[in-house]
Amino acid sequence: MGKKAKKGKGGYDVDGYNKSASRQGDGTGKFKKLFKHHKNSDLQTPVIRKQVEPETAKYFSEIANLFESQGVDVDERSVICGNALEEARGKELELATDYIISHTLQTLLDGCDMDHLCSFLRCCANVFPAIAMDRSGSHVAETGLKSLAKHVQDTEAYTIIEETLRMMCKVIVPNPLDLMCDCYGSHVLRSLLCLCKGVPLDSSEFHGAKPSKVLAERFNFKVSELHGNDSLHLEQGFPDLLKFLVSGMVNCAREDIKTLQVDQYSSLVLQTALKLLAGDDQELLQIIPVLLGCNKQDLVEGNMTFAGETVQLMKETAFSHLMEVILEVAPESLHNKMFTKLFKNSLFELSSDDCGNFVVQALISHARTKDQMELIWEELGLKFEVLLGMRRSGVIASLIAACQRLQTHEYKCCEALATAVGSKNETSKYVVPRILFLDSYFSYGDKSSWNWTGGDKMHVMGSLMLQTIFKFQSEWIQPYILSITSMEAEHVLETVKDARGAHVIEAFLASDASTKQKRRLVVKLRGHFAELAMHPSGSFTVERCFDAGSLSLREAIASELLAVRNELSKTKQGPHLLRRLDIDRYATKPDQWRSRQASKQSAYNEFYVEFGSSESKSQIKKKLLSDASIDALEPEFLNRKKDKDSSLTSTSMLDDTLAEKNKKRKKRKRDTESEDAADSKKVIENAVKNFLSSDVLDKKRRGASKHKLKI
C-alpha cells in the first residue's frame with residue numbers, strides 16, 4: 001500500500017484526468033471527472049464517481065480491522081479476500097478511489113486467488129482508466145497488475161489472464177491520450193506494458209534508467225541491454241497484446257501527436273513502449289515515424305520526410321528524452337535516414353542547447369558506421385574548444401568514446417582535445433590537469449595563468465574522457481602521457497585520493513604506455529601506499545601500481561602495507577589486497593616472497609613473448625601482469641595463437657613451455673628452488689589451461705560488473 005495522506009485532502013481530491021483538477025457537483029453527492037484530452041467528446045461517456053455507501057464503508061472497515069488484528073489464519077485469508085472482492089462488484093470505481101478503502105482493496109488483491117483477482121479486474125475494466133488516473137486508485141491498479149504477474153508462469157492461468165488484460169487494453173486503446181498524459185495513469189500504463197512484455201513491473205530499465213547506467217552505456221563501459229532484449233530476464237508475456245496496445249495507442253493518438261511529443265508523462269510511456277519493442281524492427285518502423293511527426297501520406301508511399309519543427313522539438317525536455325530512446329532502438333534503415341535527413345547540418349545547433357545536446361550525445365553513442373562518424377566529425381570535429389567552453393563536455397566525451405569504439409578518427413580526437421585545453425605555445429604538461437578540472441579551467445579568466453585547484457572535486461566528464469584517451473595507441477597519446485608523468489608528486493597523490501582521478505591513474509597504468517613511463521608515475525606515490533590502501537578506491541590503484549612496478553617498487557609497496565596490515569585487514573577491501581600482494585609471506589619469508597615475485601614476472605614475460613602479437617601487446621601485457629587476470633585471457637588472444645600455429649596442441653604446448661622453464665630453473669640453483677619450481681610450473685599450467693579454454697571467465701572487480709561506469 002505505502003501511501004501517505006496529504007493533509008486536508010481526500011483520496012479523490014486530486015483529479016487523475018488532468019493536471020489541473022476539475023470537479024463538478026450536481027447537488028447529489030456525485031462528482032464527474034472531466035477529460036482534458038479527447039478527440040471526440042460525443043463518444044466519451046462521462047465517468048461518474050459515486051460516494052461509498054455507509055454500510056459498504058463499514059463492511060470494508062471491519063475487513064481492514066480483521067487483517068490488522070492478525071486474527072486471520074493463512075488458509076482462511078484467501079477465502080476472506082475473495083468474498084470481500086465479491087462484495088465490491090459494481091462498486092469498484094468508488095472503492096478504489098476512496099483514500100481509506102483503497103488501502104484495504106490493495107490487501108485483498110494481494111491476498112486473493114487468481115480467479116477472484118481476474119474477476120475483479122474484468123468487472124472494473126470499463127472504468128480502469130478512471131481508477132488508474134486517481135491518486136488512490138492508481139495504487140489499486142498497480143497492485144492488481146503485480147498480483148497478476150505472480151500467476152503468469154502458471155500455464156493453466158495464462159488464458160484467463162490474457163483475456164483479462166485484453167479487456168483492459170480494448171478500453172484503453174480508443175482514447176489513450178488522457179491516460180498517457182496523466183502523472184498517475186502513465187505509471188500504471190507503463191506497468192501494464194511491462195506485464196505484457198514479461199519483464200518485472202518495477203524494472204528501472206523501463207521506468208527510466210538511472211543516469212549512471214545511461215552514461216555507462218554511452219561511454220563504452222557497459223553494453224546496452226535493449227538490443228533485442230537478449231540479456232533481459234524475460235518471463236512469459238503477451239507479445240500480441242503488447243503490439244496491439246502500443247500500435248493502437250500511437251495510431252489513435254496520431255492527430256494529437258504534438259501533445260504526446262512535449263508532455264512529460266506521455267514521453268515516459270512512449271519511452272517504455274519503445275524499449276520493450278527493441279529488436280522488433282517491423283513494429284518500430286511503423287511507430288517511430290509517427291512519433292517523429294512524419295507525413296502520413298509519405299509513409300504510405302514509402303517516402304519518409306521529417307517535419308521542419310522536429311529539430312526544434314529536440315530542444316524540449318520531454319521530446320529530447322524520447323528522441324534518445326528512439327536513437328537507441330531505431331532499426332538500421334531508419335537510423336541511416338535520420339542521420340542524413342534529420343540531423344545533418346544541425347548537430348552544432350543542437351549541441352549548443354541545454355536539452356538538445358543530450359540528443360546529440362545519444363546520436364553519437366549509437367553511431368554504427370565509420371561513414372556516420374565522418375558526418376559527425378565534419379560538423380563537430382573543429383568545435384571542441386567552443387563546446388567545452390559552453391559546458392558541453394558530454395558531447396565531446398561521447399565523440400571520443402564513439403571514435404574509440406568504431407576505431408576511427410582516434411588521432412584527430414586526441415589532438416583536438418589537447419588543443420582545446422592548451423595553446424601551441426605551451427608544453428603538454430598542463431593537458432591532464434586541465435581536463436581533470438574542466439569547469440574550473442574554462443571558467444577561469446586568464447586561462448594561461450590557471451593553476452591546479454586543490455580541494456575541488458574532479459570533473460566527471462573529464463575523468464571519462466581521459467579514461468577513454470588512455471585506451472588509444474601510445475603514439476597517439478604522447479601529450480597525455482607526458483602530462484600525467486610530469487605531474488607533481490602531491491598532485492598525483494591528490495588525484496588518486498579522488499575517486500574520479502583514481503580511475504584516470506588506473507587507466508594510464510593499464511594503457512599502452514611504456515613500463516618506464518608508468519614507473520615514473522608510480523614512484524611518486526612512494527611513502528603513501530599504506531594511506532591509499534586504507535581508502536576504498538585507492539586500494540585498487542595500489543594494486544595497479546604493484547602490477548606496473550619493478551621488483552624493488554613491489555617490495556616498497558609490500559613493506560608499507562605490512563606496517564598497516566592489522567588495520568587494513570579490518571577494512572572491506574583489505575583482505576583481498578593483502579592476499580593479492582601476498583603480504584603474509586612477505587612478513588614471514590621475505591626472501592621467498594622476492595623469489596616468487598621474480599618467478600612470476602619471468603613466467604608472465606615468457607608467456608607474453610611466446611603468444612603476444614605486436615598488434616596488441618599492451619592489451620595482453622596488462623592482463624598477464626595481473627595475477628587476478630591470468631584466469632581471464634581474452635578469446636581473441638586465443639584465436640591469434642591458433643592462427644599462428646594451428647597444429648599446436650594443449651599437450652605439446654604444455655610440455656614445451658615446462659621444458660623451457662626447467663632449463664632456466666636449473667641455472668638459477670637457488671635455495672628455494674623446489675618451491676619456486678612448483679610455483680612457476682603452476683603459473684604456466686594455469687595460464688595454458690585457461691588460454692586454451694573456450695569458456696573464459698570474467699572475474700568481477702569491486703563487487704560489480706567489469707563494465708560498471710567509473711566516475
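## Close-up views of a predicted model

**View 1. Lys 315 and Glu 349 make a salt bridge.** Their closest N and O atoms are 2.9 Å apart; a salt bridge here is a side-chain nitrogen of Lys or Arg within 4 Å of a carboxyl oxygen of Asp or Glu. This pair ties together distant parts of the chain, 34 residues apart: Lys 315 sits in the loop between α17 (310-313) and α18 (317-329), and Glu 349 in helix α20 (residues 347-351). Helices (H or I, at least four residues) and strands (E, at least two) are DSSP runs, numbered from the N terminus. Lys 315 is partly exposed at 25% relative accessible area, and Glu 349 is partly exposed too, at 34%. For these labels, buried means under 20% relative accessible area, exposed means over 50%, and partly exposed is in between (1.4 Å probe, protein chains only).

A quick note on the source: this is a predicted model, with residues numbered from 1 along each chain as its sequence is written, and local features need pLDDT of at least 70. Side-chain atom pairs count only at pLDDT 80 or more, while totals for chains, interfaces and linings use all residues, and side-chain values use heavy atoms, leaving out hydrogens and water.

**View 2. Glu 162 and Arg 166 pair up within helix α8 (residues 155-172).** Their side chains meet in a salt bridge, 3.5 Å from N to O. Why do Glu 162 and Arg 166 sit about one helical turn apart? Because they are 4 residues apart in helix α8. Arg 166 is partly exposed, with a relative accessible area of 27%.

**View 3. Asp 591 and Arg 594 form a salt bridge in helix α39 (residues 590-611).** The closest N and O atoms of Asp 591 and Arg 594 are 2.6 Å apart. The two residues are 3 positions apart, about one turn of the helix. Asp 591 is exposed at 57% relative accessible area, whereas Arg 594 is partly exposed at 33%. Elsewhere, Glu 543, Asp 547 and Arg 580 are joined into one network by salt bridges that share partners. The count for the structure comes to 15 salt bridges.

**View 4. Helices α24 (residues 393-406) and α28 (residues 460-469) pack together.** Their axes are 9 Å apart and meet at an angle of about 15°. Axes are lines fitted to C-alpha atoms, for helices over the stretch in contact, and angles run from 0 to 180 degrees between N-to-C directions. So α24 and α28 are roughly parallel to each other; angles under 35 degrees count as roughly parallel, over 145 as roughly antiparallel, 65 to 115 as roughly perpendicular and the rest as oblique. On the α24 side, the contact is made by Ser 393, Gly 394, Ile 396, Ala 397, Ile 400, Ala 401 and Gln 404. From α28 come Met 461, Met 465, Thr 468 and Ile 469. Contact means heavy atoms within 4.5 Å.

**View 5. Helices α30 (residues 489-497) and α31 (residues 499-509) pack at an angle of about 110°.** Their axes are 5 Å apart. That angle makes α30 roughly perpendicular to α31. Where the helices touch, Thr 495, Val 496 and Lys 497 in α30 meet Ala 499, Gly 501, Ala 502 and Ile 505 in α31.

**View 6. Cys 124 is buried and in no disulfide.** Its relative accessible area is 2%. The nearest cysteine sulfur, that of Cys 123, is 7.5 Å away, and a disulfide is a pair of cysteine sulfur atoms within 2.5 Å. How many disulfides does the structure hold? The count is 0. Cys 355 is another buried residue, with a relative accessible area of 15%.

**View 7. Helix α15 (residues 281-291) has a set of buried residues.** They are Glu 283, Leu 284, Ile 287, Ile 288, Pro 289, Val 290 and Leu 291. Just after α15, Gly 293 takes a positive phi of about 80°.

**View 8. Gln 264 lies in helix α14 (residues 264-276).** Gln 264 counts as partly exposed, at 49% relative accessibility. Its C-alpha is 9.2 Å from that of Asp 182, although the two are 82 residues apart in sequence.

**Whole chain, for orientation.** The chain has 43 helices and 3 strands. Buried residues make up 51% of its 711 residues. Among contacts with a separation of 6 or more, 71% are between residues 24 or more positions apart.
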